[in-house]
Amino acid sequence: MKTLFRPAISLFILLSLITGIAYPLLVTGIGKAVFPDQAGGSLIVKSGKPVGSKLIGQNFSDPRYFWGRPSATSPQPYNGTASSGSNQGPLNPALTDAVKGRIDALKAADPDNTLPIPVDLVTASGSGLDPQISPAAAAYQAARVTRVRHLDRGVVEKLVAEHTEGRQWSVFGEERVNVLQLNLALDEIR
Amino acid sequence: MTPHEWFLLGLYLVVLLALVKPVGTYIAGVMEGRQTLVLRLGGPIENVLYRICGVRKDEEMGWLHYALAILLFNLLGVLAVYALQRLQLWLPLNPQAMANVSVDSSFNTAISFPTNTNWQGYSGESTMSYLTQMLGLAVQNFFSAATGIIVAIALIRGFARHTAKTIGNAWVDLTRITLYVLLPISLVYAVFLIGQGSIQNFDAYKDVTTVEVTKYNNPKMDANGQALKDSKGNAVTEPATTPTQTLPMGPTASQEAIKMLGTNGGGFFNANSAHPYENPTPLANFIQMLSIFLIPGALCITFGRMVGDMRQGWAILTAMTLMFVVMAVATMYFEQQGSPFLSKLGVDQTLTALQPGGNMEGKETRFGIADSGLFATITTLASCGAVNAMHDSFTPLGGFVPLWNMMLGEVVFGGVGSGLYGMLIFAIMAVFIAGLMIGRTPEYIGKKIEAFDMKMVSIAILVTPLLVLAGTAIAVMAADGIAGIANPGAHGFSEILYAFTSAANNNGSAFAGLSANTPFYNVMLGTAMWFGRFGVIVPVLAIAGSLAAKKRITVTAGTMPTHGPLFVILLIGTVVLVGALNYVPALALGPVVEHLILWR
């Protein structure tokens, strides 16, 4: 055993320094040099002040804005320091109740809407911070936002199209709309 | 299965199979000392390390010596991770002033990371300092991955050598795998992840003023910080608002790379690979899925090369790939079905031009059903345990597949190293069963399989089911065990079964509704993780030593070929039979019941 202790302890310390200090510092250095914006959190800055991140969703409940995915973080939705899903199974009555509540809120904000309700608009995301919704969820809300803001339908549809991302490299993932960036663009319209 | 899902699965297989050969050949070259360019470049660094550490690199170890070295090295990991958590408040790189972690949670995490499990009872962004993450957890991501790989290499040497007393030098093997395989790939990979949007900095968390003021209900706390409950047991809340959002920061990308490459799976953040800062884009997600299977797949090639018969490696890889395809199709199919309960409420879960549809609870928009279902299959077949969607919210059968994937013993690709050595244990079992059927002494890769080997094989195969079933039984009988359940009914049982399956098989994913950060679960699951890891590694190394000492026997007409379709089928049959026989009763009580209720 004695012959094991010296190599075990010294190798543990040295390899820890290489993989636990040198490696992350090197990655940080390269990141700062090559991708400073991404390494810092892809912040959106408006007139000098950060108003959010392109990658982290925010909570919207005003009918003037497009709403994002429901968020199960606590205590408040879209809590950046407590990412989490609901972890409710499909048989859990609490999930059915929550979905019912979200449908009611959507209907109350837009009683005349007869479109089918897209599933991603009434189910909580995995991270609770999902920045995006499906094009179906955006289309469902377009009429409401148009009406409440007294805009032309075409203006809103054009903005949605501008903020819709296709599959990455036409192959990976799903088509999606960034909610925060879309809403910021809506507020820009004077 | 939608056309996109078929296409994604096909593309994944093509890219994976194109990569395993060069990577597997490279690993074999490094481990056999033939990769002369890399070894010459790194030689001076290696020599300095060995001189300081008193390692004589040409001196090899017998299996017991090798096993003790690995155990000691991993025990140091446990101590280091425990100490960093308990002292983090007084150590540097803690801008959020994270408090020292509790005794039982520290114990659980200190076992979780060195055993390559990365079960997480805590949530990263509100518990761990940057120093604990990078010097404690990420370092163990490297070391536990290296440990798994070198145990597999030692077992391969057992087959490749004959009449030998030694199976390699553990210190040299650990160093070379870390420096020449894990570190360089992680470096490139981490930079790629930053490019996609993963964060990498040491800043304090950033407050931003949100577009809309968030209104919410804040739970009221009593003087001790416990949530107040009314007479019905519901939390008492008061209305609150906040005009800001706090964005978490930290050295994420560097940890994320080795988390996936080493099939560790412990997220920097609570939401793991569902978090946009960990897994920002669908391309990043595809590379994450590839990096989980990359080394486990490549080691099959390494195996073929080192035993001098490539067909043996391809046979193992074929068996793994066939099982993977079936499981992947099943998960994606069941998740695409969605929930009939939501359809009744008028929710549209169909696939259209504008949405992927399916069961989106707990899933991210950018991943949809295809990327979430495929990821879930890969992460549970490999003992990775990272998640990009919440498995607890999967449909009953969509969640059944990940659960059963782990129950197969993490041998279909499996963890880095642990997948291959686990599969080779099943291969020995398969030739043993075949030997019994035809009445001949079983042999595999030129080695006679004898009583001692079969005893060790039995221990290695039976230790995890024992831990899973006994642990689950104790937890469902104990008040502390039941207290953690989040979902009512059969799903609550599934949560507990999933937790013990994940811990004992060193996976680390969870039906995360279970409140497992309690002394009961921290101790029970910590124990399961330790014995689930080293209760297999020690017998595997014993087999390696035993095989290395044997003479090589020549292939005769009576030798069963272990590279053809017959053997592949036999191997799959053995894995599925053992997995099914152990767990069918438990599965019937959980996901099967749930499925019947959901579609009643």
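The exercises below work through a predicted model with chains A and B.

**Exercise 1. The interface in numbers**

Task: State how many residues of chain A are in contact with how many of chain B, and what area the two chains bury between them.

Solution:
- Step 1. Take contact as heavy atoms within 4.5 Å. On chain A, 105 residues are in contact with 118 residues of chain B.
- Step 2. The two chains bury about 8900 Å² between them, and 69% of this area is on carbon and sulfur atoms.
- Step 3. On the chain A side, the most area is lost to chain B by A:Phe12, A:Tyr23 and A:Asn87, which together make up 8% of what that side buries.

**Exercise 2. Polar and charged pairs across the interface**

Task: Find how many salt bridges and how many residue pairs in polar contact there are between chain A and chain B.

Solution:
- Step 1. A salt bridge needs a side-chain nitrogen of Lys or Arg within 4 Å of a carboxyl oxygen of Asp or Glu. By this rule, zero salt bridges are found across the interface of chain A and chain B.
- Step 2. For polar contacts, the count between the chains is 40 residue pairs, with both residues at pLDDT 80 or more.
- Step 3. Several elements of chain A each supply at least two residues to the side that touches chain B, among them helix H1 (2-34), helix H3 (93-109) and helix H4 (135-149). The element that gives the most is H1(A), with 25 residues.
- Step 4. By residue class, the side of chain A that touches chain B divides into 54 nonpolar, 38 polar and 13 charged.

**Exercise 3. A strand pair between chains**

Task: Decide whether E3(A) and E3(B) run parallel or antiparallel.

Solution:
- Step 1. E3(A) is joined by two bridges to strand E3 (residues 347-348) of chain B, and the strands run parallel.
- Step 2. Within E3(B), the residue opposite A:Pro118 is B:Asp348.

**Exercise 4. The hairpin of E1(A) and E2(A)**

Task: Identify which residue of this hairpin takes a positive phi.

Solution:
- Step 1. Strand E1 (residues 43-46) of chain A pairs with E2(A) over four bridges, in the antiparallel sense. One facing pair is A:Ile44 and A:Gly52, the latter in E2(A).
- Step 2. Two residues lie between the strands, and A:Ser47 has the positive phi, near 40 degrees.

**Exercise 5. The three-stranded sheet**

Task: Explain why E4 and E5 of chain A each have one side without a neighbour in the sheet.

Solution:
- Step 1. The sheet is open, and its three strands have the order E4-E6-E5 in chain A, with antiparallel pairing.
- Step 2. E4 and strand E5 (164-165) of chain A are at the edges and have a single partner strand each, so one side of each lacks a neighbour in the sheet.
- Step 3. E5(A) is joined to strand E6 (residues 176-178) of chain A by two bridges. A:Thr164 has A:Val177 in E6(A) as its bridge partner.
- Step 4. Across E4 and E6 of chain A lies H6(A), at about 55 degrees to E6(A).

**Exercise 6. The loop between E2 and H3 of chain A**

Task: Name the salt bridge partner of A:Arg64, and find which peptide bond is cis.

Solution:
- Step 1. A:Arg64 meets A:Asp187 in a salt bridge, at 3.7 Å from N to O. The two residues are 123 residues apart: A:Arg64 is in the loop between E2 and H3, and A:Asp187 is in helix H6.
- Step 2. The cis peptide bond runs from A:Ser74 to A:Pro75, with omega near -5 degrees. A:Pro75 is in the loop between E2 and H3 of chain A.

Conventions: Residues numbered from 1 in each chain as written. Chains lettered and ligands numbered in written order. Predicted model: local features only at pLDDT ≥ 70, side-chain atom pairs only at ≥ 80, totals over all residues. Heavy atoms only, no water. Buried area = accessible area lost by both parts, 1.4 Å probe. Polar contact = N/O pair within 3.5 Å; in protein donor to acceptor, adjacent residues only side chain to side chain. Nonpolar A, V, L, I, M, F, W, Y, C, P; charged D, E, K, R; others polar. Pairing = 2+ DSSP bridges. Axes fitted to C-alpha atoms, helices over the stretch in contact; angles between N-to-C directions.
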